[in-house]
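Take a moment to turn the molecule around on your screen and find the ligands. Then let's walk through it together, one spot at a time.

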Amino acid sequence: MEESALKRQLAKVTVIVAVSSIVLCAAIFGVLSYVFQTAHEAEHAQMKTEAQEYRSRIFKQLDKNLQILTTLSRAYEVSGTADREEELRDSIAKAGQVNSFVSLAYFSVEGNGILYTDGQDAWLTMTLDTCAEEARRAVEQSLQGKNAVSRMFDSNVYNQKVFVYSVPVYRNGAVTGALAASDTLEIFEDIVNGDTVMGGERYIHLLGAEGDFLVRSENTLVKEDVSSIFEGPYLSEDTKASAKEALSRQESMYGDFEYLGEKCHFYMEPLGFNGWYLFCANRLWDSVSSFGRIFLLVDGVFFFLLVMIFILLYYQYYNFRKNSALLMRIAYFDPVTGAKNTTKFDQEFQQIRKKQEYYSTVALDIRNFKGINELFGKRNGDQVLGYLKQVIERNLGEGEFFCRDTADRFYALLLDTEEARIRERLGSLIQSVRDVTSRMEYRYEISLYAGVAVQGDREKALMALKSIQNTHHRDVAFYDEELHEALRRKNSIESNMQTALNNREFKLFLQPKMSLAGDSLVGAEALVRWQKPDGSYRYPDEFIPLFEDNGFCAKLDLYMVERVCEQLRSWMDVGLKPIPVSVNQSKLLFADRSYPNTLERIVTRYRVSPALIILEMLESIAANDVEQINSQIEALHEKGFHVSMDDFGSGYSSLNMLYQIKIDELKLDRAFLRKVSNHNDEERRQIILEQVIRFAKKLGITTVAEGVETQQDRDNMAALSCDYGQGYFYERPINAEEFSDKYMLRRG
Ligand code: C2E
Ligand code: MG
Ligand code: MG
């Protein structure tokens, strides 16, 4: 995966985790708030319901007491007892004893009354004027024909707070008096103190109009002795103000108070008479709030866990980044110079290619880097690569990049397509490498050469580079159509060569080798022709150099040796005297130790004498290790093969080489035969040729003139005592059958 893609993925994961965590936290918070709110509302509703139930129970109690008085008054109405004082006293005393009233009284419409006190079993005679204001008002209402309940008042008779119920007494349809009973608040205490009050978890007080406790529940949470809800520090100032306001308006109210650090809820419900209130307090709120606290705690723990997960994720992310940075370095960078590698280069190249057209790829190589490694050691070689990396880096502009492939090969991408400018830039880069390396510890001039592909890739740049690999006069080459065609051909040849070999498409052609003395046949040279399935031919120049490069040449040469042996065998089989045949052999084979044995196996298989096989090696092979070549030649001689040196005089041959390398035959390159226009040079050529032939003769080496095209060529070489000649003058290379017909069979 690409580095930027990896980073994008990481960022995505982080965002997803962060967002989902926040959403989860918010959701939990939302659910908790909802639960909390619902619990709160449910609690309010429950307090209200219960308070109202208690209100109705209290009303029932009041009603019950009024009922008792009403029943008594009805009895008096019917019997006329009120008119008979003795009887009246008797009846009131009895009623007082069986009911729980504190006192029972009868007042006539004139305002005269008699009062029976149950506790004291005593009678009091009084007028309405002397009664307490609250009692008098209630009685007066009954004298008007109404049932009434008085406000609470301090009774000077009983020294406690009492209130009065009063009902009218009728006689013949008219009010004749009123029956009144006084009672203390104790009648409510059973109700208000009952353990059943709100399941025992809540409690109810009965409040007077001023918020004073009329009946205080025994279960009260606040244990201190207080006479009013406003006393003590329990209600906040704000709550007190709201409560006073509610009391004055006789409205219900919710509120809360704190006791010993615990929060409780309360609800006040007006009773609807005397300004009295039911004050309902909820201890359960405490547990509801602890329930809330548990939820908050859970949320807290969850949040803590989230934070931990985040820390863990971050740690993982950090490690991941660290490791991926390391992996990236391994995957994308060259460990020797720290430059990018080709993988990274290709990735960036693809991006550039998509974005723009003005780019060129450059392949850079050091000439003879192998020599630096061999001379100064690998460490210094690496140091040179390091310098090279720095110089390339310095010579690149904005947006340009480079990489190191293997060994001394670098590639750079330039944002430039103009040939002149690229040449100038590369010229100065090559010069700065020279400058830097000339200042190094070891003096060794490093020269760089480059291949450029304008709007092309690495492969094309490399093609251009390879085209000047073996020339020393050009430092920069550009990829063009010619190179493109060569590349196409190269690819086509390489992909077909093995099949062609299997299908025997490589044909044996022979060119006769003639004795210059008597123009008689002395041998032949085997030359390969690639006959394609369509019948057309490919010539060795097209594919041999390529096969030399890719190593396939060794295979092909052994194949050709085999074809030659096959031919020799078939001549012998028909009774013809075989002639020695030369076979061109790749220099790769001369480096292979098993080569002599392989050849031996082939000639043995065809029962052909190795003396009939002349192995031609190229003159350039002498540039290799002479000792090693001689030992190989020796091994070949031991097996009975002959060795010839081909194309002598085409390259850097020297006479020295002739006695150093133990060859049997010397083939003089046709360049020797070509006359030169300058008379002086012509003379010198002639002298050298003469000397070479003489020198060879002295060493017992047979000489062959290649490229004998004319009678003059032939005569000239014959005059120089060259042994044999080969060339179009005699015959072009012809296929083996034709050769057999023309030369072997006719010869008899
Ligand atoms: P070479 O071994 O020097 O072969 C002689 C080349 O000169 C042949 O070219 C031949 O056709 C050509 N030639 C012969 N007489 C004349 C002449 O009078 N005038 C001129 N201008 N040319 C003449 P060819 O067959 O195209 O082969 C080219 C080279 O390819 C050979 O040069 C040889 O080095 C290589 N080669 C050919 N066959 C094989 C092979 O089987 N194995 C290897 N390794 N190399 C081969
Ligand atoms: Mg040859
Ligand atoms: Mg030759």
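This report looks at the metal ions, then ligand 1, and then a few single residues and a helix.

One thing to keep in mind from the start: this is a predicted model.

**The two magnesium ions**

Let's begin with the metals. Which residues hold the magnesium ion called ligand 2? Its protein donors are E525, N584, E616 and D646, and they sit 1.9 to 2.3 Å from the ion. If you run along the chain, those donors follow the spacing E-x58-N-x31-E-x29-D. E525 belongs to strand β19 (residues 521-531) and N584 to strand β21 (residues 581-584), so this pair ties together parts that are 59 residues apart in sequence.

The other magnesium ion, ligand 3, has D646, D647 and E706 as its protein donors, at 1.9 to 2.5 Å. E706 turns up twice in that donor list, each time with an OE atom. Here the spacing of the donor residues in sequence reads D-D-x58-E. Distant parts of the chain are linked again: D647 is in strand β23, while E706 is in the loop between β25 (702-705) and α19 (711-719), 59 residues away.

How far apart are the two magnesium ions? They are separated by 4.1 Å, and D646 coordinates both of them.

Are these metal-binding residues buried or exposed? The table takes four of them.

| Residue | Relative accessibility | Class |
|---|---|---|
| E525 | 4% | buried |
| N584 | 25% | partly exposed |
| D647 | 23% | partly exposed |
| E706 | 13% | buried |

The cut-off helps you read the table: a residue counts as buried under 20% and as exposed over 50%, with partly exposed in between. E706, at 13%, therefore counts as buried, whereas D647, at 23%, counts as partly exposed.

D647 has another feature to look at. This residue is in strand β23, and its phi is positive, about 55 degrees, although it is not a glycine. For background, most residues other than glycine have a negative phi.

**Around ligand 1**

Now move over to ligand 1. There are 24 residues around it, and D557, N584, D646, E709 and Y728 come nearest. You've met two of those names already: N584 is a donor of the magnesium ion (ligand 2), and so is D646.

What kinds of residues make up the shell around ligand 1? They divide into 9 nonpolar, 5 polar and 10 charged. Strand β19 gives the largest share of the shell, 4 residues. β19, α12 (540-550), α13 (552-573) and β23 (642-648) each supply at least two residues.

Some polar side chains come in close range of the ligand's own atoms. An oxygen atom of ligand 1 is 2.9 Å from an N or O atom in the side chain of E525. For D647, the distance from a side-chain N or O atom to an oxygen atom of ligand 1 is 3.1 Å. E709 has a polar side-chain atom 2.5 Å from a nitrogen atom of ligand 1. On its own, ligand 1 has 790 Å² of accessible area, and the protein covers 87% of that.

**Three arginines**

Next, compare the settings of three arginines. R563 is in helix α13, and at 8% relative accessibility it counts as buried. Setting aside neighbours within four places in sequence, R563 is in contact with R504, L508 and Y606.

R538 is in strand β20 (residues 537-538). With 9% relative accessibility, R538 counts as buried. Leaving out residues up to four places away in sequence, R538 touches S492, I493, R529, W530, K532 and F543. The C-alpha atoms of R538 and V528 are 9.2 Å apart, and these two residues are 10 places apart along the chain.

R607 is in the loop between α15 (595-605) and β22 (613-618). At 58% relative accessibility, R607 counts as exposed. Its phi is near 50 degrees, a positive value in a residue other than glycine.

**A helix and its partners**

Finally, find helix α10 (residues 458-466). Which of its residues are buried? They are R458, A461, L462, M463, A464 and L465. The buried residues of α10 pack against α7 (342-355), β13 (360-366), β15 (410-414), β16 (448-454), β17 (476-478) and α11 (481-502).

Conventions: Residues are numbered from 1 along each chain as its sequence is written. Chains are lettered from A and ligands numbered from 1 in the order in which they are written. This is a predicted model: local features need pLDDT of at least 70, side-chain atom pairs count only at pLDDT 80 or more; totals for chains, interfaces and linings use all residues. Side-chain values use heavy atoms; hydrogens and water are left out. Donors are N, O and S atoms within 2.8 Å of the metal (3.2 Å for Na, K and Ca); water is not among the atoms, so sites may look incomplete. Buried means under 20% relative accessible area, exposed over 50%, partly exposed in between (1.4 Å probe, protein chains only). Contact means heavy atoms within 4.5 Å. A residue is near a molecule or strand if one of its heavy atoms lies within 4 Å of it. A polar contact is a pair of N or O atoms within 3.5 Å; within protein, one must be able to donate a hydrogen and the other to accept it, and residues adjacent in sequence count only if both atoms are side-chain atoms. Accessible areas come from the Shrake-Rupley method with a 1.4 Å probe; for residues, only the protein chains shown count as cover. Ala, Val, Leu, Ile, Met, Phe, Trp, Tyr, Cys and Pro count as nonpolar, Asp, Glu, Lys and Arg as charged, and the others, Gly among them, as polar.
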